[in-house]
Amino acid sequence: MSSVLVLWEFLRRDTKIALSYRLSAILQVAAMFSLAVTFFFLSLMMQGVEGKIPSLARYGGSYFAFSLVGLAVSLYVEASLRSFSMSVRTAQITGTFEAMLVTRTPIGLVVLGSALYSLTYTALRSVILLGLGALVFQMPLYLHEWPTLIVVVGLTVSSTMALGIFSAGFIVLFKQGDPLTSAISGLSWLLSGVLYPKEILPLPVQELARVLPMTHALEALRQLLLLGAPPSTVDGSIVGLFVFTAAGLPLSLVWFAWSVRRARVAGSLARY
Amino acid sequence: MTPAIEVVGLEKRFKKRRSGRQLLTPWRRPAPTVALAGVNLRVEPGELVTLIGPNGAGKTTLLKILGTLITPTAGTASVLGVDVVRAPAEARRRIGYVLADERSFFWRLSTRENLRFFAALEGLRGRASVERIRALAGLVGLTEELDRDFQDLSTGQRQRLAIARGLLADPPVLLFDEATRSLDPGRAARLRRIIREILVDREKKAVLFATHDLGEATALADRVILMAEGRVDAEGSMEALRPRIAALFAAEASAEDIEYERLFPPPGSAPSP
């Protein structure tokens with residue numbers, strides 16, 4: 001319970017700080033609208049050919065709906081990948097890291113708390129993006145499989161969080177030059193099917209894409225949101241995300257704890 | 001009686017980063033920087049000890065080890081019997097670390113919000129947090145500034161806020177790292193009175209106060225520990241140590257003067273090699 005209250009205080013702190021930059025908050029919501037409009041017109045250009053693309057037909061045949069779900073999920077996955085390392089780096093640079101580490105709160109909770117606002121805010125932006133698609137551009141969204149949706153979203157969060165914690169470990173140790181985030185992020189955009197169906201990729205590359213959590217998250221969320229498919233159709237994706245979580249989360253926590261120990265020995269915990 | 005702070009044979013060596021040329025000879029390790037070279041010290045509950053020494057003497061490294069931010073290379077350090085390496089979380093429950101760096105606050109939050117956040121990290125919430133913040137603001141003279149943004153506070157006010165933050169959890173052991181650095185003489189004297197009369201004499205807290213200000217050490221301490229080059233050079237009352245401290249600081253100043261004159265020779269004199 002006390003950990004939840006500490007996390008709440010982090011969220012409260014960062015919301016207050018973000019709201020003190022009002023123009024930035026307004027612009028970021030406006031950017032979501034601009035993104036939706038851009039892809040709406042892009043999909044207008046593809047009207048007439050959409051039906052002739054079998055890999056798109058698998059997801060309902062609307063490029064607008066396909067790309068908007070891709071963007072919403074990738075926004076969130078990117079945030080999960082970067083939030084932890086960015087929060088550590090920001091706290092090191094602003095000088096608040098040391099002050100938080102000498103309190104009774106364990107470092108893991110400090111890092112999770114520091115990333116919480118970014119994760120929550122990005123989730124909100126993703127929902128706004130999908131909401132705009134549904135309400136303004138009449139994009140069909142099926143929410144009746146909401147229990148499965150919650151499971152998929154939860155596993156997407158936990159599996160990408162594992163990668164984010166790995167990345168934070170790199171920042172604690174090396175301060176800059178985290179190789180993991182850029183690699184995972186770049187490969188996800190290329191192979192997971194954010195803006196084009198992964199089925200258009202060569203078969204071996206499609207197999208390679210299965211090692212990325214975003215591939216499974218996109219597949220499952222498109223099936224559920226765009227087709228209203230029954231839970232049994234996303235079993236494979238759920239298992240994939242579960243494996244990433246079950247293997248990745250403990251490993252990432254062990255790696256992070258080791259990084260912190262090394263940084264304490266080097267005396268570089270709060271350096272940047 | 002269990003000492004408030006006990007440090008035995010504490011050593012800290014920092015690895016040096018290799019220069020570009022040294023990367024070509026990876027089998028040769030650069031000599032480490034020795035920050036602490038076998039420090040022994042003891043602070044009793046209710047005692048105020050000043051750690052004095054020139055810059056680079058190892059004072060901050062010692063405090064950071066006690067604050068669990070740095071792991072020592074050898075030796076042990078414990079706070080009220082709790083080893084800071086083996087049980088860092090337990091040790092932090094017993095310590096209040098006054099970090100004087102003004103960057104360690106959230107500039108766009110108010111004084112109250114900053115204290116509320118750090119109080120939550122110290123396990124205080126609800127009414128207990130509100131009352132503690134009010135009491136500490138009164139203690140350090142920041143009651144009127146509670147709703148002002150941190151960025152609008154003066155340097156001295158920020159320093160006093162740092163002190164209030166260190167006291168939030170009401171810990172039995174307090175570490176001050178040059179806590180009066182940016183205070184005007186009046187405020188610094190008031191802070192020293194708070195430390196001496198309220199925290200030590202009344203509340204019986206143990207205080208380890210690092211400074212390089214001789215006047216401050218004279219005004220504050222029961223006992224002075226003089227540090228130089230990572231070692232405890234001498235220990236005792238300020239009166240007894242004054243000649244030794246004065247000699248050490250004079251030697252440091254003299255070395256700096258020589259270096260300054262080498263870099264910026266007086267007009268007309270021949271430049272040093």
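Let me start with a term: two strands pair if DSSP finds at least two bridges between them. Helices (H or I, at least four residues) and strands (E, at least two) are DSSP runs, numbered from the N terminus.

Thanks for coming, everyone. What you have in front of you is a predicted model, where local features need pLDDT of at least 70, side-chain atom pairs count only at pLDDT 80 or more, and totals for chains, interfaces and linings use all residues. As for labels, residues are numbered from 1 along each chain as its sequence is written, while chains are lettered from A and ligands numbered from 1 in the order in which they are written.

Let's begin with the sheet in chain B. Strand S3 (residues 48–52) of chain B runs parallel to strand S9 (residues 223–228) of chain B, and four bridges join the pair. If you want a spot to click on, B:Val49 sits opposite B:Arg223 in S9(B). These strands belong to an open sheet of six in chain B, in the order S6-S7-S8-S3-S9-S10, with mixed pairing. Which strands are at the edges? They are strand S6 (95–98) and strand S10 (231–236) of chain B, each pairing on one side only. From one strand to the next, the twist averages 20 degrees.

Now look at what covers part of that sheet. Helix H5 (residues 155–167) of chain B lies across S6 and strand S7 (173–177) of chain B, at about 170 degrees to S6(B). For these angles, axes are lines fitted to C-alpha atoms, for helices over the stretch in contact, and angles run from 0 to 180 degrees between N-to-C directions.

H5(B) also has a helix partner. Its axis and that of helix H4 (residues 126–140) of chain B come within 9 Å and cross at roughly 140 degrees. H4(B) is therefore oblique to H5(B) (under 35 degrees counts as roughly parallel, over 145 as roughly antiparallel, 65 to 115 as roughly perpendicular and the rest as oblique). On the H4(B) side, B:Leu136, B:Ala137 and B:Val140 meet residues of H5(B) including B:Ile163 and B:Leu167. Here, contact is when C-beta atoms, placed from the backbone, lie within 7 Å. By class, this contact has six nonpolar, no polar and one charged residues. The classes count Ala, Val, Leu, Ile, Met, Phe, Trp, Tyr, Cys and Pro as nonpolar, Asp, Glu, Lys and Arg as charged, and the others, Gly among them, as polar.

Over in chain A, helix H4 (residues 63–94) and helix H7 (residues 146–174) have axes that come within 7 Å and cross at roughly 30 degrees. That is why H4(A) counts as roughly parallel to H7(A). Among the residues that meet are A:Phe84 and A:Val88 in H4(A), with A:Met161 and A:Phe170 among those in H7(A). The class tally for this contact is twelve nonpolar, six polar and one charged residues.

Last stop: how many residues does each chain bring to the contact between A and B? Chain A brings 26 residues and chain B brings 26 residues. On the chain A side, helix H1 (2–19), helix H5 (96–101) and helix H11 (235–266) each supply at least two residues. H1(A) gives the most, with seven residues. Sorted by class, that side of chain A has twelve nonpolar, eight polar and six charged residues.

Notes
Two residues are in contact if their C-beta atoms, placed from the backbone, lie within 7 Å.
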